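Here are a few exercises to work through with the structure open beside you. Try each task yourself before reading its solution.

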Amino acid sequence: MAELKGKCLCGKIRYEYNGAMGNLVHCHCSRCRKWHGAAFRSRIVVKQDGYRLIQGQEYLAQYQATPNVIKTFCKNCGSSLATIYPLRDNLLGLPIAGCEGKLDRYQEFHIFTDSKAQWWQITDDSLQYKALPANKEIVHCIND
Ligand SMILES: [Zn+2]
Ligand SMILES: [Zn+2]
């Protein structure tokens with residue numbers, strides 16, 4: 001069991017997570033780069049039933065990016081928060097840079113590297129996939 005806490009930039013929305021965690025994915029696709037305003041999005045998959053919004057429900061907004069991706073964010077400060085996957089309703093994607101706490105166990109890799117920002121170089125040893133891995137489940141799975 002691991003525990004994470006997080007909050008948005010303005011602090012109106014706070015959440016916590018208790019439970020198993022999936023792989024840590026650095027996604028370089030153009031959508032994630034736009035959404036995060038960054039070179040890539042780093043997210044971890046968690047179980048919906050271990051995730052709890054502690055405060056700020058009234059500030060939570062949603063944007064449906066694709067049929068299986070609903071982004072949530074703070075209406076007040078714009079921070080990116082959990083991603084809801086309507087076709088995988090037991091899972092959430094947490095942008096890990098917004099979380100406080102320690103990850104106790106994870107596997108890390110890069111996806112959609114063919115779309116990465118040309119001004120960014122990947123210099124770590126983590127696995128890299130040009131697009132989605134052939135085994136798509138590794139992006140959305142939790143090994144308890
Ligand atoms: Zn906020
Ligand atoms: Zn992406």
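**Exercise 1. Work out how β7 and β8 pair, and describe the hairpin between them.**

Solution. Bear in mind that you are looking at a predicted model.
- Start with direction: β7 and β8 (residues 80–84) run antiparallel and are joined by 3 bridges.
- Next, pick a pair to anchor your view: Ile70 stands opposite Ile84 in β8.
- Then follow the chain between the strands, where the hairpin has 5 residues and Gly78 takes a positive phi near 85°.

**Exercise 2. Step outwards from β7 and β8 to their other neighbours: which strands do you reach?**

Solution. Take one side, then the other.
- On one side, β7 (residues 69–74) pairs with β6 (residues 60–66) in the antiparallel sense, over 6 bridges.
- A hairpin of 2 residues connects β6 to β7, and Leu60 faces Cys74 of β7.
- On the other side, β8 and β9 are antiparallel, with 2 bridges between them.
- Ile84, which you met opposite Ile70, has Leu92 as its bridge partner in β9.

**Exercise 3. Write down the strand order of the open sheet and find its edges.**

Solution. Extend the row you have just built.
- The open sheet has 8 strands, ordered β6-β7-β8-β9-β4-β3-β11-β12.
- Its pairing is mixed.
- Now look for strands with a single partner: these are β6 and β12, so each has one side without a neighbour in the sheet.
- For context, the whole protein has 12 strands and 1 helix, and the elements follow one another from the N terminus as β-β-β-α-β-β-β-β-β-β-β-β-β.

**Exercise 4. Find the largest nonpolar core and say which strands supply it.**

Solution. A general idea helps here: in soluble globular proteins, nonpolar side chains tend to be buried together.
- The largest nonpolar core holds 16 residues, and those touching the most other members are Ile13, Tyr17, Ile44, Val46, Cys74, Leu81 and Leu94.
- At least two residues of this core come from each of β2 (14–19), β4 (41–47), β7, β8 and β9 (91–95).
- The largest share, 3 residues, belongs to β4.
- Zoom in on Val46: leaving aside residues up to four places away in sequence, Val46 touches Tyr17, Gly19, Met21, Tyr51, Leu92 and Leu94.
- Finally, a separate second core has 6 residues, among them Cys27, Cys32, Phe40 and Ile111.

**Exercise 5. Examine Phe112: what is its phi, and is Phe112 buried or exposed?**

Solution. First recall that most residues other than glycine have a negative phi.
- Phe112 is not a glycine, yet its phi is positive, about 55°.
- Locate Phe112 in the loop between β11 (108–111) and β12 (127–128).
- Count its surroundings: 22 other C-beta atoms lie within 10 Å, and the cut-off for a buried residue is 20 or more. Phe112 is therefore buried.

**Exercise 6. Test the overall dimensions against those of a compact globule.**

Solution. Compare the expected and computed values.
- For 144 residues, a compact globule would have a radius of gyration near 15 Å; the protein has 15 Å, so the two agree.
- The C-alpha trace spans about 40 × 30 × 30 Å along its principal axes.
- Buried residues account for 25% of the 144 residues.
- Among contacts with a separation of 6 or more, 55% are between residues 24 or more positions apart.

Methods: Residues numbered from 1 in each chain as written. Chains lettered and ligands numbered in written order. Predicted model: local features only at pLDDT ≥ 70, side-chain atom pairs only at ≥ 80, totals over all residues. Pairing = 2+ DSSP bridges. Helix = DSSP H or I, 4+ residues; strand = E, 2+ residues; numbered from the N terminus. Core = buried A, V, L, I, M, F, W, Y, C linked by C-beta atoms within 7 Å. Buried ≥ 20, exposed ≤ 12 C-beta atoms within 10 Å, placed from the backbone. Contact = placed C-beta atoms within 7 Å. Rg over C-alpha atoms; globule rule 2.2 N^0.38 Å.
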